[in-house]
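Dear colleague,

I am passing on the structure below, together with notes on what turned up when I went through it. Please read the notes with the structure open beside you.

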Amino acid sequence: MAVDKSVAILDIMTSGDPVVSGLYPRRMGKSLFLGLLQDFLAVVATIPYKERRSTYKKYVIYEEDRTFFRNNMSRYPVFKLDLK
């Protein structure tokens, strides 16, 4: 079973809070969600923009607010820091 957490991107980006903290138990999809967030926001990605855009058309974030989707997908520099 898959859970679509893409609408959380919309919630985070429109909340207006300068800091967002996600504290969840082990194996609750934190890394998976951060990967989704990185893929959605990053200007530079391994997959071309058109292919990524077509992938996101099946997610809730595309249907929820298309203006937000157009204005924010692939618009930000993203830095990934792995503390392992």
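**Salt bridges**

D39 is partly exposed, because its relative accessible area is 26%. Before going further, please keep in mind that this is a predicted model. The side chain of D39 meets that of R52 in a salt bridge, with 3.7 Å from N to O, and this pair links distant parts of the chain, since D39 belongs to helix 2 while R52 belongs to helix 3 (residues 49-56), 13 residues apart. On the other side of this contact, R52 has a relative accessible area of 2% and is therefore buried, so that the bridge brings together a buried arginine and a partly exposed aspartate.

A search of the whole structure gives two salt bridges, and the other one to describe is between the side chains of R66 and E63, at 2.8 Å from N to O. Here R66 counts as partly exposed, because its relative accessibility is 37%, whereas E63, at 53%, counts as exposed, the cut-off for that class being over 50%.

**Aromatic residues**

How many aromatic pairs does a search of the whole structure find? The search returns six. F40 and F68 form one of these pairs, a stacked one, with 6.3 Å from centre to centre and 10 degrees between the planes. This pair, too, links distant parts of the chain, with F40 in helix 2 and F68 in helix 5 (residues 66-72), 28 residues apart, and both F40 and F68 are buried.

F40 also forms an aromatic pair with F69, which is tilted, with 5.7 Å from centre to centre and 55 degrees between the planes. That contact again links distant parts of the chain, F40 lying in helix 2 and F69 in helix 5, 29 residues apart. F40 counts as buried because its relative accessibility is 0%, and F69, with a relative accessible area of 1%, is buried as well. These residues belong to a wider group, in that F40, Y56, Y59, Y62, F68 and F69 form one aromatic cluster.

**Surface patches**

Turning to the surface, K5, R26, R27 and K30 form a positive patch. Within this patch, R26 is placed in the loop between helix 1 (7-14) and helix 2 (30-41), and R26 counts as exposed because its relative accessibility is 72%. R27 is likewise placed in the loop between helix 1 and helix 2, and, at 76% relative accessibility, R27 counts as exposed.

To relate K5 of this patch to helix 5, one may use R70, which is placed in that helix and is partly exposed, with a relative accessible area of 45%. The C-alpha atoms of R70 and K5 are separated by 18 Å, and the two residues are 65 residues apart along the chain.

A nonpolar patch on the surface is formed by M13, Y76 and V78, which together have about 220 Å² of accessible area. Of its members, V78 is placed in the segment after helix 5 and is partly exposed, because its relative accessible area is 33%.

**Backbone points to check**

Which residues have a positive phi although they are not glycines? Among them is R27, with a phi of about 65 degrees, and this is the R27 that takes part in the positive surface patch. S74 also has a positive phi, of about 60 degrees, and is not a glycine. As to their surroundings, R27 sits in the loop between helix 1 and helix 2 and is exposed, whereas S74 is found in the segment after helix 5 and counts as buried, because its relative accessibility is 13%, the cut-off for buried being under 20%.

When you go through the model, it may be convenient to begin with F40, which pairs with F68 and with F69, and then to move to D39 and its salt bridge with R52. The positive patch of K5, R26, R27 and K30 and the nonpolar patch of M13, Y76 and V78 can then be viewed in turn.

With kind regards

Terms used:
Residues are numbered from 1 along each chain as its sequence is written. This is a predicted model: local features need pLDDT of at least 70, side-chain atom pairs count only at pLDDT 80 or more; totals for chains, interfaces and linings use all residues. Side-chain values use heavy atoms; hydrogens and water are left out. Patches are made of residues with over 30% relative accessible area and no salt bridge: like charges are joined within 9 Å, nonpolar side chains (Val, Leu, Ile, Met, Phe, Trp, Tyr) within 5 Å. Accessible areas come from the Shrake-Rupley method with a 1.4 Å probe; for residues, only the protein chains shown count as cover. A salt bridge is a side-chain nitrogen of Lys or Arg within 4 Å of a carboxyl oxygen of Asp or Glu. Lys and Arg count as positive and Asp and Glu as negative; His and the chain ends are not counted. The place of a charge is taken as NZ of Lys, CZ of Arg, CG of Asp or CD of Glu. Helices (H or I, at least four residues) and strands (E, at least two) are DSSP runs, numbered from the N terminus. Buried means under 20% relative accessible area, exposed over 50%, partly exposed in between (1.4 Å probe, protein chains only). Rings of Phe, Tyr and Trp (its six-membered ring) pair if their centres lie within 6.5 Å; planes under 30 degrees apart count as stacked, over 60 as edge-to-face and the rest as tilted.
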